[in-house]
Each structure stands twice: as C-alpha cells, then as structure tokens.
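Please work through the following exercises with the sequence and the coordinates at hand. Each task is followed by a solution in steps.

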Amino acid sequence: MAIRQIRIDEDPILRKKSRVIEKIDDKIKILNDDMVETMNKAEGVGLAAPQVGILKRLFVIDVGDGPMTFINPTIISTEGEEEDEEACLSLPEQSGLVKRPESLVVEATDLDGTVFQLYCADLLARAVCHELDHLDGILFIDRVEK
Ligand code: ZN
C-alpha cells in the first residue's frame with residue numbers, strides 16, 4: 001500500500017465529474033487500499049478517488065467501524081434534514097454548516113463486485129453525501145449556507 005497525495009484547494013481535478021467503474025480489476029483494488037491508507041493517515045472520515053487525482057466513482061469511508069468501500073454509488077432514498085459542521089481533507093483551512101439528509105439508503109458495489117444497499121444515519125449519511133458530491137465535482141463549500 002502507498003500514501004497518495006491529496007489534491008487540495010483550487011486543484012481543477014476536484015471540480016471534474018468522475019467516470020463509472022466498469023471493471024473491478026487489480027488497479028481498482030490497489031487504488032482502494034491506497035485510499036484507505038491515505039484516509040487513515042490524514043485522520044479523515046472519508047476520501048473520494050478524485051481527491052487523489054483519479055476520476056473514478058469510488059470512495060472510502062471510516063466512521064470508526066473500519067473502512068467501507070463504495071463503487072458507483074447512488075442514493076436511493078433520503079429522510080429528514082440535519083445541519084452540522086463539515087470539513088474536507090481537500091480544503092484544509094475551511095469548515096462550515098451544511099444541511100444533509102438525516103438518513104438515507106445508498107446502493108453501491110463492493111470490491112468483490114457485489115451490489116449492496118446500506119441504510120446510513122447521522123455521520124455516516126453525511127459522509128456518504130459529502131463523498132458522493134466529490135464524484136460530481138461538488139465541494140461542501142458550495143453547500144454552506146451563507
Ligand atoms: Zn471532502
């Protein structure tokens with residue numbers, strides 16, 4: 001495994017849309033392992049592939065229960081609304097209040113190629129929304145209420 005460089009601030013790659021992953025090959029598995037290591041070292045809750053310069057629809061999240069991988073994720077349903085403080089490894093000097101769903105169901109593929117659905121609440125739901133935004137070139141500062 002290797003630590004990858006986290007793209008920050010005005011790096012244009014953070015504003016690009018990521019592509020669907022067609023095949024989960026060794027390259028994707030290595031990318032995943034590197035992203036988990038990079039996220040852990042940076043003490044982040046989540047990391048999306050474009051944040052390490054790869055425009056593919058994959059992110060990893062660890063809210064304290066170990067790392068989870070989401071490939072080609074989509075949000076199936078959401079419930080409620082919750083405003084809370086958010087930050088981002090790509091925007092080291094910033095934080096702000098962002099409204100996100102209180103809970104949601106996300107569908108994604110895991111590293112074995114199995115499609116799964118997961119109910120997420122609170123911090124996990126917030127992390128899924130935040131990381132999914134990265135795959136579409138959206139940063140949390142776009143959603144901070146002025
Ligand atoms: Zn982020």
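**Exercise 1: The zinc site**

Both C88 and H130 are buried in this predicted model.

Task. Identify the residues that coordinate the zinc ion, and place C88 and H130 along the chain.

Solution.
1. The zinc ion is coordinated by SG of C88, NE2 of H130 and NE2 of H134, at 2.0 to 2.2 Å.
2. Along the chain, these donors of the zinc ion follow the spacing C-x41-H-x3-H.
3. The pair C88 and H130 links distant parts of the chain, 42 residues apart: C88 is in the loop between β4 (82-87) and β5 (95-100), whereas H130 is in helix α2 (residues 122-135).

**Exercise 2: The surroundings of Q51**

Task. Locate Q51, decide whether Q51 is buried or exposed, and describe the contacts of Q51.

Solution.
1. Q51 belongs to the loop between β1 (46-48) and β2 (58-61).
2. Q51 has 1% relative accessibility and therefore counts as buried, the cut-off being under 20%.
3. The side chains of Q51 and S90 are joined by a polar contact of 2.9 Å.
4. Beyond neighbours within four places in sequence, Q51 is in contact with residues including C88, S90, E131 and H134. Of these, C88 and H134 coordinate the zinc ion.

**Exercise 3: The surroundings of S18**

Task. Establish where S18 lies and which residues S18 is in contact with, leaving aside neighbours within four places in sequence.

Solution.
1. S18 is found in the segment before α1 (26-41).
2. S18 counts as buried because its relative accessibility is 6%.
3. With those neighbours left aside, S18 is in contact with P50, I54, L55, K56, R57 and L135.
4. S18 and N72, 54 residues apart in sequence, have a C-alpha to C-alpha distance of 9.7 Å.

Key. Residues numbered from 1 in each chain as written. Predicted model: local features only at pLDDT ≥ 70, side-chain atom pairs only at ≥ 80, totals over all residues. Heavy atoms only, no water. Donors = N, O, S within 2.8 Å, 3.2 Å for Na, K, Ca; no water. Helix = DSSP H or I, 4+ residues; strand = E, 2+ residues; numbered from the N terminus. Buried < 20%, exposed > 50% of the residue type's maximum accessible area, 1.4 Å probe, protein only. Contact = heavy atoms within 4.5 Å. Polar contact = N/O pair within 3.5 Å; in protein donor to acceptor, adjacent residues only side chain to side chain.
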